[in-house]
Amino acid sequence: MDKSIERLIKQIHDLSEIVNGFKSEAVQIRIVEFLLPFLELKSKSLKNTADQLDPIFSKQESSNQHVKRPGVKRVLDQVMLTDFFDTEKTIGEVLKHLNDAGNDFKATEVSGILLALTKDGRLKRYNSQVNNRFLYIRA
């Protein structure tokens, strides 16, 4: 294999590890679009390079496949259909309820959606006098 192609393959492999570290596909695309001009890519060997890289990316895609989990908003919309918010809940209690059901959410993910639900008028939010934390209850 041509040394320039080998170097290109190594660059793309290194780049893929970095890009795949970001969860957001939009961020991944922007990073790749920004960095592609910096790769040592010669237009004459582009077709040959693409043919040689195809098996590499096919292997990588199959090893990175995972089951997508529902997002916080979708899960909280399902919780809103139950009687869970009929009593006051802290973010910690909401998070525990969601994660006990098999999710793996963080408080920062949940808090933004809870705020959106209060702005939509589906939940009420107020400060607890006891521990100075927000409490959420069905509106």
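**Helix α5, the nonpolar core and the β-hairpin**

Helix α5 is followed by G102, a residue with a positive phi, near 105 degrees. This feature belongs to a predicted model, in which the secondary structure of the protein chain amounts to 6 helices and 2 strands. From the N terminus on, these elements are arranged in the order α-α-α-α-α-α-β-β. Of the 139 residues in the protein chain, 26% are buried. Among contacts with a separation of 6 or more, 52% join residues that lie 24 or more positions apart. The accessible surface of the protein chain is about 10,300 Å², and carbon and sulfur atoms contribute 56% of this area.

Helix α5 spans residues 91-100, and its buried residues are V94, L95 and L98. Seen down the helix axis, the buried residues of α5 fall within an arc of 100 degrees, so they line one face of the helix. An α-helix has 3.6 residues a turn, so residues three or four places apart point the same way. The exposed residues K96 and D100 are carried on the face of α5 turned away from its buried side. The cover over the buried residues of α5 includes α4 (72-80) and α6 (107-119).

The largest nonpolar core comprises 16 residues, and those touching the most other members are L76, F85, V94, L98, V110 and L114. Two or more residues are given to this core by each of the elements α4, α5 and α6. Helix α4 supplies the largest share, 5 residues. V94 and L98 thus appear both among the buried residues of α5 and among the core members with the most contacts to other members. When residues up to four places away in sequence are not counted, L114 touches L76, F85, I91, V94, L123 and Y136.

Two of these partners, L123 and Y136, lie in the strands β1 (residues 123-127) and β2 (residues 134-138), which pair in the antiparallel sense over 5 bridges. Within this pairing, R125 of β1 stands opposite Y136 in β2. The two strands form a hairpin with 6 residues between them, and N132 in the turn has a positive phi of about 55 degrees.

A further residue in contact with this part of the chain is T90, located in the loop between α4 and α5. T90 has a relative accessible area of 16%, and is therefore classed as buried, the cut-off being under 20%. With residues up to four places away in sequence left out, T90 touches F134 and L135.

How values were computed: Residues are numbered from 1 along each chain as its sequence is written. This is a predicted model: local features need pLDDT of at least 70, side-chain atom pairs count only at pLDDT 80 or more; totals for chains, interfaces and linings use all residues. Side-chain values use heavy atoms; hydrogens and water are left out. Buried means under 20% relative accessible area, exposed over 50%, partly exposed in between (1.4 Å probe, protein chains only). Helices (H or I, at least four residues) and strands (E, at least two) are DSSP runs, numbered from the N terminus. The arc is that of the directions from the helix axis to the C-beta atoms. Contact means heavy atoms within 4.5 Å. A nonpolar core is a set of buried Ala, Val, Leu, Ile, Met, Phe, Trp, Tyr and Cys residues joined through side-chain atoms within 4.5 Å. Two strands pair if DSSP finds at least two bridges between them. Accessible areas come from the Shrake-Rupley method with a 1.4 Å probe; for residues, only the protein chains shown count as cover.
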